[in-house]
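I opened the model to look up a few local features and wrote down each one as I went. The entries follow in the order of my notes.

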Amino acid sequence: ARYMKHFDEKCKGSKAMIEEAKKVIPGGVQHNLAFNYPFPLVVEKAEGAYLYDIDGNRYIDYLQAGGPTLLGSNYEPVNQKVWEVVKESGPVTGLFHPYEMKLAEKIHECMPWVEMYRCLASGTEADMVAIRIARTYTGKQNIVKVGGAYHGWSDQLVYSLHIPYTQTFEAHGIPKEATQNTKEFFPGDVDGLRKVLEENEKNGGTAAVIIEPFGPESGTRPIAMDFAAKARELCDEFGALLIFDEVVTAFRVGPGGAQGFFNVRPDLTVFGKIVAGGYPMAGGVGGSEEIMSCVAAGVKAGKKKAYVGGTLTANPLSCAAGYFAIDEIIKQDAARKAGENGDKLCDGIQALIDKYDLPFVTWNTGSIVHFEVSGVMYLSVTDPDIFKKIPERQHYIEEFGAALTANGVITLAGSRIYTSMADNDDTIAETLAAFEEVFSNVEK
Ligand code: PLP
């Protein structure tokens with residue numbers, strides 16, 4: 001509450017505009033991640049490691065638009081190249097453009113198992129399509145996902161939605177039938193996965209197992225380092241395809257993504273976010289020629305086809321942006337630099353947790369830094385219902401996020417940080433000072 005004064009006094013413009021927006025936009029904002037407590041901020045400018053609101057406040061930006069920027073926001077060298085392409089082609093043609101091929105080739109260079117790549121409009125769409133390809137290719141219906149994992153908001157996958165800690169994320173309007181072929185297992189539970197696969201054998205088998213190789217929600221629930229390899233073995237044993245959702249991890253954990261990191265081959269890889277270089281329409285699916293031919297645009301005799309469409313997908317803007325951003329990420333060694341920034345932040349936050357003797361935890365996978373301030377030790381959670389037992393958790397996290405924001409640091413929902421190449425020792429020191437200010441005022 002001590003930081004609420006900041007919002008009332010320093011964010012008057014945002015507050016007024018959101019009130020105005022509520023008349024024409026449900027809730028006043030569109031992005032789930034913009035529903036900041038106590039009210040959403042209206043952004044005027046994003047640049048590198050910073051965000052500026054319309055009241056002229058500057059924030060260090062660890063939301064980074066939700067993960068699509070690794071070079072830093074609004075990265076000028078990529079902008080220049082993208083605008084040159086789009087000046088000629090226009091943003092969309094509905095036909096073929098050279099940058100579609102260049103992007104697919106670039107992705108294949110980074111991830112050799114992605115022999116072929118199909119552009120889509122978002123991570124949500126790409127996850128939907130991966131499932132559709134798997135069902136078409138295997139002729140089976142069931143899909144298996146990790147409980148609480150987010151693979152976009154399609155009917156069949158939104159299911160238990162995020163790690164089910166509060167009512168906030170309840171998902172209505174989904175017919176029961178849409179999820180009857182979606183089965184779940186507890187994060188990291190290899191025996192649980194086997195059990196679900198065995199159960200499915202009595203009921204038509206499993207088309208695909210879909211995982212984030214570092215654990216659900218970008219590793220919010222970390223899983224064992226050998227989990228992806230074990231999932232691979234089980235998929236081979238049960239004749240299911242293994243789908244890696246690399247919407248967050250592709251290019252961010254290294255040019256080779258999580259599959260390169262673990263050296264585990266997925267049958268299908270789902271892309272989003274960085275694949276459009278921080279520009280709109282970020283999504284796609286990749287895999288072997290054999291599997292990906294299910295979505296070939298031309299009719300291939302004797303092949304079953306999964307229907308995929310999209311008026312604006314594979315447009316010159318998104319494809320050129322993805323191509324140039326990935327190229328720059330490789331040239332600048334951006335994943336390593338952003339990862340080192342993540343390591344430094346995580347170490348710094350841990351030192352402050354120790355200093356103030358707080359029951360918080362922090363951990364990171366390179367540029368993805370998590371911190372949990374509700375007192376729940378994710379790392380030791382074995383009770384699937386634990387989050388339902390702590391109804392006040394969400395509010396505590398929101399307040400914590402707001403306190404950091406009032407001190408000039410914007411995080412993802414008060415519990416995650418995406419670092420980028422644009423962070424440096426100064427931004428990190430400033431961030432840790434903000435954490436210290438908030439930590440030192442925690443009521444125990
Ligand atoms: N899969 C994962 C792992 C994600 O983190 C997200 C989005 O945050 C999605 C899928 C959905 O992607 P999009 O928001 O582009 O639909």
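Strands are DSSP runs of E with at least two residues, numbered from the N terminus. I applied this to L268 and found L268 in strand β9, residues 268-272. I am working on a predicted model.

Entry, L268. I asked whether L268 is buried or exposed. L268 has 27 other C-beta atoms within 10 Å, and the cut-off for buried is 20 or more, so L268 is buried. I then listed the contacts of L268, leaving out residues up to four places away in sequence: A130, I133, A134, L241, I243, V285, G287 and I291. I also looked up D245, which is 23 residues from L268 along the chain; the two C-alpha atoms are separated by 8.5 Å.

Entry, β5 and β6. I found strand β5 (residues 142-146) paired with β6 in the parallel sense, over four bridges. V146 stands opposite F185 of β6. Next I went along β6 (residues 182-185) and noted which way the side chains point. They alternate: K183 and F185 point to one face and are buried, while T182 and E184 point to the other and are not buried.

Entry, the sheet of β11, β12 and β14. I noted an open sheet of three strands in the order β11-β12-β14, with antiparallel pairing. Which strands stand at the edges? They are β11 (361-365) and β14 (416-418); each has a single partner strand, so one side of each is left without a neighbour in the sheet. On average, neighbouring strands here are turned by 15 degrees against each other, direction ignored. I counted three bridges between β12 (residues 368-372) and β14, which run antiparallel. In one of the pairs, I368 has Y418 of β14 as its bridge partner. Helix α13 (residues 334-355) packs on this sheet and touches β11, β12 and β14. The direction of α13 makes about 170 degrees with that of β11.

Entry, D357. I followed the chain to the loop between α13 and β11, where D357 lies. D357 is not a glycine, yet its phi is positive, about 50 degrees. D357 has 8 other C-beta atoms within 10 Å and is therefore exposed.

Entry, Q64. I found a second positive phi outside glycine at Q64, near 45 degrees. Q64 is in the loop between β3 (58-61) and α3 (76-89). Q64 counts as buried because it has 27 C-beta neighbours inside 10 Å. I kept both phi values in the notes because most residues other than glycine have a negative phi.

Entry, P38. I looked up the peptide bond that joins Y37 and P38 and found it cis, with omega about 5 degrees. P38 is in the loop between α2 (12-21) and β1 (43-47).

Entry, α4 and α12. At what angle do these two helices pack? Helix α4 (residues 98-110) and helix α12 (residues 316-332) pack at about 35 degrees, with axes 8 Å apart. I noted the crossing of α4 past α12 as left-handed. From α4 the contact takes Y99, E100, K102, L103, K106 and C110. From α12 it takes P316, C319, A320, G322, Y323, I326 and D327. I sorted the contact residues by class and got eight nonpolar, one polar and four charged.

Key: Residues are numbered from 1 along each chain as its sequence is written. This is a predicted model: local features need pLDDT of at least 70, side-chain atom pairs count only at pLDDT 80 or more; totals for chains, interfaces and linings use all residues. Two strands pair if DSSP finds at least two bridges between them. Axes are lines fitted to C-alpha atoms, for helices over the stretch in contact, and angles run from 0 to 180 degrees between N-to-C directions. Two residues are in contact if their C-beta atoms, placed from the backbone, lie within 7 Å. A crossing is left-handed if the near helix is turned anticlockwise from the far one by less than a right angle, and right-handed if clockwise. Ala, Val, Leu, Ile, Met, Phe, Trp, Tyr, Cys and Pro count as nonpolar, Asp, Glu, Lys and Arg as charged, and the others, Gly among them, as polar. A residue is buried if 20 or more other C-beta atoms lie within 10 Å of its own, exposed if 12 or fewer, and partly exposed in between; C-beta atoms are placed from the backbone.
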